[in-house]
Amino acid sequence: MLPAVMTTPESAAPADARQLATRFISEQLRRWPDLDLRPLSTSGLDERDARLAQAICGETIRRRLTLEWLLNSRLRRPLQELETNLQAVLLVGAAQIFFLQHQPDYAVVNESVAWAKRRVRAKAGGLVNAV
């Protein structure tokens with residue numbers, strides 16, 4: 001189980017739990033296989049969003065291989081060949097849809113597409129939506 005408090009770069013405060021989780025997973029993917037074991041900083045989030053961010057990160061890290069297999073079955077190129085931020089948004093979105101069922105799928109897809117358009121490139125949103 002992940003610690004109660006987790007850290008991210010100090011550069012920008014997260015707007016919400018999904019954004020924070022996606023940024024955190026993106027950082028972990030850049031470091032892979034040497035995970036940063038410091039906890040995720042959820043400062044700036046209310047208690048409910050902090051728990052959601054921790055749950056998303058925990059499920060994404062814990063079930064990474066399963067998520068990669070699921071995503072690779074829908075992608076033309078292997079997940080590992082995509083940009084790190086795009087990998088992160090796909091992994092986080094899939095973790096929420098498959099393992100955190102209390103979130104509506106449409107909300108997860110909408111947030112994932114918007115994040116990909118902002119942080120990767122405009123056309124990345126189309127790939128995220130298609131997967």
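Let's walk through how some of the helices in this predicted model pack against one another.

We can start with helix α1, residues 17–31, and helix α2, residues 47–62. These two pack at an angle of about 35 degrees, and their axes lie 8 Å apart. If you look at how they pass, you will find that α1 makes a right-handed crossing with α2. On the α1 side, the residues that meet α2 are A17, R18, L20, A21, F24, I25 and Q28. Their partners in α2 are D49, L52, A53, I56, C57, T60 and I61. Sorted by character, the residues of this contact are 10 nonpolar, two polar and two charged.

Now follow α2 to another partner, helix α4, which covers residues 84–99. Here the angle is about 100 degrees, with the axes 9 Å apart. Angles from 65 to 115 degrees count as roughly perpendicular, so α2 is roughly perpendicular to α4. In this contact, I56, E59 and T60 of α2 meet L91, V92, A95, Q96 and F99 of α4. The residues divide into five nonpolar, two polar and one charged.

Our last stop is helix α5, residues 105–119. How far should its 15 residues span? At 1.5 Å a residue, the expected span is 21 Å, and the end C-alpha atoms are 21 Å apart, so the two values agree. Which residues of α5 are buried? They are A107, V108, S112, V113, W115 and A116. These buried residues pack against α1, α4 and α6, the last of these being residues 124–130.

How values were computed:
Residues are numbered from 1 along each chain as its sequence is written. This is a predicted model: local features need pLDDT of at least 70, side-chain atom pairs count only at pLDDT 80 or more; totals for chains, interfaces and linings use all residues. Side-chain values use heavy atoms; hydrogens and water are left out. Axes are lines fitted to C-alpha atoms, for helices over the stretch in contact, and angles run from 0 to 180 degrees between N-to-C directions. Helices (H or I, at least four residues) and strands (E, at least two) are DSSP runs, numbered from the N terminus. A crossing is left-handed if the near helix is turned anticlockwise from the far one by less than a right angle, and right-handed if clockwise. Contact means heavy atoms within 4.5 Å. Ala, Val, Leu, Ile, Met, Phe, Trp, Tyr, Cys and Pro count as nonpolar, Asp, Glu, Lys and Arg as charged, and the others, Gly among them, as polar. Angles under 35 degrees count as roughly parallel, over 145 as roughly antiparallel, 65 to 115 as roughly perpendicular and the rest as oblique. The expected span of a helix is 1.5 Å times one less than its number of residues. Buried means under 20% relative accessible area, exposed over 50%, partly exposed in between (1.4 Å probe, protein chains only).
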